[in-house]
Amino acid sequence: MAESTNVTVRTPEEAVARIAYLASDVIVSVQPSLASDSDFSSHLKQLVSQKTQSLVANTSDAVPEIQSVRHNNDPLLSVFAPIRAGRLVSVTTTSAVLLPSIAHLYKLAALPVVLHVALAPKSFPDYSAITSIRNSGWTFLQSESVQEAQDMALTAHALAIRSGKGVIHFFDPTAGADATVSAEDAAVVREILNLDNVRRFQSAPLSGSNIYANDGRIAIVSDQPEPLTSGSRQDHVVQSSEAETTPSTNATSHASSQSSQQSVTSSPPSVSTVTTIEPAALFVSSEDIYKYVNSIWAQLNQLAGRQYHAFEWSGPANAENCIFLFGSDSALFSDAISHAQSSDEFANAGVLTSRLYRPWLGAKLIEAIPKSVKRVAVLEQVSRKTTKWGPLLIDVLTSVKSGFGGVETIVGHQLGYISKGTVGQALRGIFQNLTSEKPIQNLEVGERESPEQTSEYVLEKPKLETAYTKILDQLFGDRIFIANSLEAENAGVSNTISASPEYGFGSLLARKERKQKFVAEVKEAAGSGRFLTEVPKRSLAKWVSAAEDPKKAEAAADEVISKLTVDNSRLSKTLLENKPFFRKQSLWLVGSDAWSYDLGNSGVHHVLASGENVNLLIIDSTPYSERTAADANRRKKDIGLYAMNFGNAYVASTAVYSSYTQVLQAMDEADKFNGPSIVLAYLPYFGEHDSPLTVLQETKKAVDLGYWPLYRWNPENEKKGEPNFSLDSERIKKELKQFLDRDNQLTQLMRRDPLFGAVLSEDFGTEIRAQQKRKAKDAYNQLLEGLFGAPLTILFGSDGGNAQSLAKRLGNRGRARGLKTTVMAMEDYPVEDLPTEENIVFITATAGQGEFPQNAKPLWDAIKDSTELDLASVNYSVMALGDSHYWPRKEDKVYYNKPGKDLDRVLANFGAKRLADIGLGDDQDPDGYQTGYQAWEPKLWEALGVANVDGLPEEPPPITNEDIKIASNYLRGTIVEGLNDPTTGAISAADQQLTKFHGTYMQDDRDVRDERKAMGLEPAYSFMIRCRLAGGVSTSKQWIQMDDISTELGNETMKLTTRQTFQFHGVVKGKLKPAMQAINRALMTTIAACGDVNRNVMCSPLPSQSKYHREVYAVSQKISDHLLPSTSAYHEIWLTDDDNKKTQVAGDAIQDFEPLYGPTYLPRKFKISIGIPPHNDVDVYAHDIGLIAIKGEDGHLSGFNLLAGGGMGATHNNKKTYPQTGRMLGYAKTADVHIACEKVMLVQRDFGDRKNRKHARLKYTIDDMGVDVFRSKVEELWGQQFQPARAFHFESNIDTLGWTKDETGMNHFTFFIENGRIEDTADFPMKTGLREIAKVHKGEFRLTANQHLILSNVADEDLDAMKSLMAKYKLDNVQFSGLRQSSSACVAFPTCGLAMAESERYLPVLISKLEGCLEENGLRQDSIVMRMTGCPNGCARPWLAEVAFVGKAFGAYNMYLGGGYHGQRLNKLYRSSIKEAEILEIMKGLLKRYAAERDSSEHFGDWCIRAGVINETRGGQDFHEGVAEEESDEE
Ligand SMILES: Cc1cc2nc3c(=O)[nH]c(=O)nc-3n(C[C@H](O)[C@H](O)[C@H](O)COP(=O)(O)O)c2cc1C
Ligand code: SF4
């Protein structure tokens, strides 16, 4: 026992799990739910987590794959694919799944699968689960203790491999519960499994890939079996290495081996009814099985000293009586018998059990029974409902009677529940009966039921899945009736049953009947005299007469209910007990995707066929990323297609995380539809604790790629002349397309919406991607044909564009030197061409943490995984771009230029020859990556022999934004043409720059980028639209209009931005113009909301002083209007329809003129904001111009202090860039301030840096020029001088939530809108709520710069109504921690193209993780300004926060500390590139110290500086000085 471990095994499940783990490639773990473990799975998971190695698993780490499957999800379906692929599969399960899986069992019996079955229910197992499948062709082994469980588990695996047939190992899980054994001896296991046999099986996968493949038992259609065709099937029966007889492989031996006493495990193969030629199942006889199992047991005996037999006998060799037990308690019985008094009837009796239950070897039974035995009592723990004779009794009778003279009496008993206390009594009863003259057959022994009833699997509704039922509740309120809600008590009905569609359907029908009865009762009541008043009668009569018409009945319901309530008689009260019946009920059945498999599906069919008016909500939770694994092998039915084919049902396919509105619409339509309705609802998750972000991302992928299309199908529409089918997402899968095509619906759809046509007709797949690559490369090759000179292929990998532009320039230079140059992205290159290259160059950047850029990954994967690349004739060189300090820690130095270095090494390993040593570009070098590049390039030319070429043409300078602006003809470019191009969702690169000036950016959904790329699709392009909304004030009407736009044209959400305006995301190209027009109809515009112009002008919302606010707000509007660009391109492109297009002069553009901006506009964006002391809630220090409103002595606005040169954008690790706070230029009167602003802008226009966009903001112009020089230039243009700045005082830069009253007596409420995202979720229908409020609100909305929202100007008399409306939608909640209230995040993923890390979706999660710590330290109410952005562009103004996190790479952030509480001071870098665990650790430590050490009312940022945690930043120019982290320069 060389490898014995010290582990103690306590339960049979543990013993079994360990053996299964060692002996399988794949273990299908059947579980109650994915969230709760089975008695096996907890052990399996532990082994996996310890990375324990299996003895057989054919994976690199030898860890077997555990596939968890819900017990009601047709678990055995998961076995087919892996076993056919030559992987050893075992299943751990309870017996509950066996009978429902019977169809699979017949097929799987012919494959070497092992099923370990714990009999259920645990308290009192029912062995009928085994007897009822005894003839399915499997071998059955039984164990009765923990030790036996270990040994039989091992036997089962070894036997399956040797026989090539399925083995079921079953046991009572409580048997031998008290005994523990040592864990298996690995050497024994290895020896018995015989790894040669294992490898032979694994190396020859089966053909036939679907579960209809004909390799199961084949029906015998002819008496004369056909001779066996030799096929691959046979290869799978692995011969034992020992000298055993080979299995009988022909029909003759089969015939001879089948004796009357022996069943067979496998029928002979025969002519199949299936026409395709499938490999025939190998015939293995009972004798073969017996020989194999005996040899395994002989080995076990030899190695472990434990003996086993097909039938086990315990008792004296001269016993006359015995029991043959097929039930739980053999140990209990044996024990009682061995302790019997000699006077006991059962003294000296024997106990027989079967170890090898099938094949049933009658002859072996006879051998096992001592000759002395005269009487056998057969005890079967089988709940028999239909048959008179127990199955075991029949087995014993046929074997023993016919072949054994000694036995005179065989009596069958039904064994009930026996305990230690009752076993003696039971035995007495049995033996009295057995020895009586006329024994009674079928006598019941023991209790019918066990005292404690454990139900099998408890069905739990995962918490996540309540999302949809919550919506049902919201929609239908009182009217909803969910027939099978798990909370309901279903008397006496098991959970499994009550979750079936049949059960729910039955209860819905019952509910309908109840309603009929109720109507009759009401009718009777209406005529009775038992009311106290007369009133109810009339309304009851009215209701009864309308009862058949749901609409009328509904209309009459309120009256009836109120009259009955007033009447208050006993009869009224009785009727009111059934109040819901007065209304039209919305009847729902809620099911899971278990109904998509055969078992549940028949129930769905039943509902459809009934034509009844019931609604099914079917929640599918298979994650998109797992669907291929699951779908390929599992016969998951598309219920939607099935129902549509059926014809009479309303069908909708929905996904709450994709479109909340569509879910509402579908449920409402389903409710209204008079007939069966099926609403399919997608909610993918891997485990109960998945974050909503995971669910969201999985949903998006599924919907975007057409795996889970959103649609509605209403057969009633046809009657109205409308199409039945509405598609609510963009892409659909093939099957649905075929269905629609057949039904002519697709044509209708395309006609209605031609844009869909293009998308729908586009097929996709990985082959397409491969073809695309081929085409691109071939096109290049063609181009190069006929050219002379050596070939040079240049491949680049680039995320941000540096490597790409280097590659393109290198390509031009190569061409100029006469080389045949090809330049392409690494992902577009077909790897199979690599060995044929003569000269190849790779220029790759570094992304993530030492990873390849996105567009280089596929090629790198192909190269590194290749085993046979021969690059002996290839010359190559690598230029790598990276940043030696991106990951500042010493141990992270390996990430510096890692991809380039890896590639360089691997290519050399494949035999390629270096043209030039790897070049290393480093952002830290004086000229950034150019430094390294300039050293590398000449070496390359040298090696290629083209270093000294004369007459090289001059290189054209790269095209800049300035060129684009000039060439654009006042921002027109080719935008119109781009919008009209239906072949792509994108517009040209130059137009992308120009549309910014029109307030819209092109983006793509980064959540689905990779999936789409893999499918050969272009990225999911859409547009972000930003409104211009000076001062952030919107009327109620405008609010509703914005809400409409987001729902109808965008992604159903709105973002309230940090610059006080509305932003829409997800507007696809085709909807861009309609959206712009709708915004315009709302009397808003988007012009100059982005771009190199003055953007939206901000203004403090000041809810506490409305009059004063109005004065300041007017100035913000005035400045905004004054600085608007004049180009008419905006109007021309967006607001004119085809028929009223302006005629263009002489076919050319209209002559535009920009008096302020000129043709090239500003060098960079320009931002203005106005703060009203003491509120710096617009962060005046962060903008190009910050105005501080100064109140005159008369209480009115007198003028503004003007700050200039604030700005947030920076680039990581580029010290030439930094955030900056505005510098004071002085005071200007109200009447002059817009002119002062104009002049500041004009100085920037003329002096700003137009060469380097990273250095083009006003902050750098002022810093380079000096404040005084700058001021004088402004004053010179202005012709006036700034007055000395007036005194002012700021207190904070955050919002105060809740109600305030202003000086005029009007009320204002500040809502908390987390990170400005306005959206509906099942838990919080905020968007709907705000819309309802907007419908009645007489005042306005004010957007705050902290992304919150103020409901402004509610009169006292409207206050109560407003409060109750707010309460209804949970919008009155202001109970947030101070940290959360003071937090803000930019958008970042998935739409922002610059994002390096999550922000809006992550900050709330991070705060939740810190709130416990706040609580512990008494800081819950304290305001700490915390901000997060996805990149250093700084949209949420992180640099002014007391604590900030700025995205560095996915999941990693730079941390900054020490910003001023009212936005007056920049913070400073504290730690680089840290991840969540470290963030939490640092934050918790700091918060604890802050709570203990702070002075009274000292803010966190100030404390950080006083406590020496961080140095104070005095201005932008010292932002990079004295940072907390020492950078190590050692390599
Ligand atoms: C998110 C992110 C992660 C990075 N990670 C690394 C890294 O791990 N190692 C490294 O040497 N450079 C790293 N860099 C630096 C870039 O490789 C470098 O700036 C390069 O010039 C970018 O080239 P590109 O614009 O072609 O993508 C990273 C840059 C970014 C934006
Ligand atoms: S800060 Fe960066 S990531 Fe965030 S929205 Fe702005 S550009 Fe995008």
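**Close-up 1. Polar contacts of ligand 1 in a predicted model.** In this predicted model, an N or O atom in the side chain of Ser798 is 2.5 Å from an oxygen atom of ligand 1; a polar contact is a pair of N or O atoms within 3.5 Å. The backbone also takes part: an N or O atom of Gly801 lies 3.0 Å from a ligand 1 oxygen, and a polar backbone atom of Asp883 is 2.9 Å from an oxygen of ligand 1. Of the 650 Å² of accessible area that ligand 1 has on its own, the protein covers 89% (Shrake-Rupley method, 1.4 Å probe).

**Close-up 2. The shell around ligand 1.** Ligand 1 is surrounded by 24 residues, the closest being Ser798, Gly800, Ala803, Thr846 and Asp923; a residue counts if one of its heavy atoms lies within 4 Å. By class, 10 are nonpolar, 10 polar and 4 charged, with Gly counted as polar.

**Close-up 3. An open antiparallel sheet.** The order of its 5 strands is β31-β42-β43-β40-β39, with antiparallel pairing. Strands are DSSP runs of E with at least two residues, and helices are runs of H or I with at least four; two strands pair if DSSP finds at least two bridges between them. At the edges are β31 (1033-1035) and β39 (1298-1301). Between β39 and β40 (residues 1307-1311) there are 4 bridges, and Thr1300 has His1308 as its bridge partner in β40.

**Notes.** Residues are numbered from 1 along each chain as its sequence is written, while chains are lettered from A and ligands numbered from 1 in the order written. Local features need pLDDT of at least 70, side-chain atom pairs count only at pLDDT 80 or more, and totals for chains, interfaces and linings use all residues; side-chain values use heavy atoms, leaving out hydrogens and water.

Notes:
A polar contact is a pair of N or O atoms within 3.5 Å; within protein, one must be able to donate a hydrogen and the other to accept it, and residues adjacent in sequence count only if both atoms are side-chain atoms.
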